[in-house]
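Visitor: I am new to this model and would like to understand the terms used for it. May I ask how each label is justified?

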Amino acid sequence: MSDDTAVEWAPYWMKTAPLPPRPALDGRVEADVAVIGSGIAGLSTAWELARAGRDVIVLEARRSASGVTGHTTGKLTALHSAVYGKLRGSHGEEAAAQYARSHSAALTHVRETVVALGIDCGLEDRPAFTYCEDEDGVADLRAEAEAARAAGLDASFVTETGLPYPVAGAVKALDQAQFHPLQYLGGLASDLTARGGRIFEHTRVTGLGRGAPHHLTTASGATVTADTVVVATHHPLFDHALLATRLTQHRDLVIAGVVPGEADPGGMYITREGGTRSVRTATHESSGRLLIVSGEAFTPGSDEDITVRYRRLAAWAQERFPDLVITHRWAAQDNASTDTVPLIGPLPAAGERVYVATGFGGWGMTGGVLAGRLLTSLIEGSPEPWAGLYDPGRIGPVVREAAAFLKAQWDAGRHAVQDRLRTLGDGTRGSVADLVPGEGTVVRSGGHPYAVHRDDAGRLHAVSAVCTHMGCLVAFNNAERTWECPCHGSRFTVDGSVLQGPALEGLEPKDPDSFG
């Protein structure tokens, strides 16, 4: 395994092509459309609207594309693991075909945009594979290949791939692609501002006043007035319709490093076996290729040793790619809708002309581009043919997927109840005295649960352990050194600042000296 001290804890994309810094919003501004969030969904939507002649403002809580998009693996494909058989069964043949057409159209749109704007983003055509190593998975993949082909993909079942290890079978889809997501978004953002669009960073939106126009407030006191609002924040803000109850959260670990060019497996691969494994390569400044491997999916706030998962993923990768020298590692968080299909369209119960894009299920590169085009078509009054498929207000498919919906509610409710019992009892998961540098634990003091972390210098950092979203207790991620909520995936720094919503407010600080 690679020496941990030589491995950079940062996404390769953000280290090699961060988007240029933008100012924070100050004062009051007006726009036709305010887009909250500057990942691929937000920037794609803003760019499409600017092309349509709209005055657009983008509001980002941190740095542009530093959230889910900056931590992706950068696959552009309509083959989403084994989605088509499930879609055909729960939504019908036409819905599966619309899903395939819409994601394939997004991929084509990226290709056309790269040419039109002259974006150098390492765009490469590659086949996509969903594979299994266990013979028990072959029948399902044969069925998935048939369902994907029926939906319109150039898909087939194969038993040979470019991987350096045998597989029992795989679905292969031709004419897919991969790219450097931040290089692509850098080109999009540049053209957006050239068209008059405005991008503001370090501007966290905290309030949405309903009306015509809408009034947005921010943590700094700056305000925005806009006729139309798009919420593209991974997990939706202002969730009056409780879309959170239709979303499940998971994190995947990612490692990356250089391999010789001849070790390139020549495609994009994913298997759900072994806690999920995803493999692709990218261009690299050396003569080799950058190998990107992700997997070890887990629920945020699962209160386990995440460093063990990183070691397991690295061991798996280096066993199969012996020449791999790991240089980067990071983690990506995704949410998925309980009926499989993303939620893109009017945000229920948020008022007129408020839209949302969420629930991409780990396939946000084509999903984000799709969302930009679909939301623009809705705002411009000419909806695309698949608008109904992605409508957040849909009911029928949710009813048919009631088991998944109820499981999501059970999981969140179970955490909430257990946390309440902990709070009423001793509320303690560990002891501060036993806390070694780099670790964190939840303890009870004065009748309240607190999240306490000891940094590498031995200093304590203490905050309330109660998530500000819906009151569940956070748990410590010892690999990333963050506090995470198991109910809806909010994430916080050790000092309580919000890293990832749906929480809008940070964890309340506590004097660490009170813990000795």
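Guide: A salt bridge is a side-chain nitrogen of Lys or Arg within 4 Å of a carboxyl oxygen of Asp or Glu. The model shown is a predicted one, and the structure holds 26 salt bridges.

Visitor: What makes the contact of R126 and D264 a salt bridge?

Guide: The side chains of R126 and D264 meet at 3.8 Å, N to O; the limit is 4 Å, so the pair qualifies. R126 belongs to strand β4, whereas D264 lies in the loop between β11 and β12, and the two are 138 residues apart.

Visitor: Why is E484 called buried?

Guide: The relative accessible area of E484 is 2%. Buried means under 20%, so E484 fits the term. The side chain of E484 meets that of R251 in a salt bridge of 3.8 Å, N to O, and R251 is likewise buried, with 2% relative accessible area.

Visitor: Why does D134 count as partly exposed?

Guide: Its relative accessibility is 39%. That value lies between the 20% limit for buried and the 50% limit for exposed, so D134 is partly exposed. D134 is found in the loop between β4 and α5, and together with E133, E135 and D136 it forms a negative surface patch.

Visitor: How do you know that β19 and β20 pair?

Guide: Two strands pair if at least two bridges are found between them. Strands β19 and β20 have five bridges, so they meet this condition, in the antiparallel sense. Across this pairing, H453 stands opposite H461 in β20.

Conventions: Residues numbered from 1 in each chain as written. Predicted model: local features only at pLDDT ≥ 70, side-chain atom pairs only at ≥ 80, totals over all residues. Heavy atoms only, no water. Patch = residues over 30% accessible without salt bridge, like charges linked within 9 Å, V, L, I, M, F, W, Y side chains within 5 Å. Areas by Shrake-Rupley, 256 points an atom, 1.4 Å probe, with all protein chains shown as cover. Lys, Arg positive; Asp, Glu negative; His and termini not counted. Charge placed at Lys NZ, Arg CZ, Asp CG, Glu CD. Helix = DSSP H or I, 4+ residues; strand = E, 2+ residues; numbered from the N terminus. Buried < 20%, exposed > 50% of the residue type's maximum accessible area, 1.4 Å probe, protein only.
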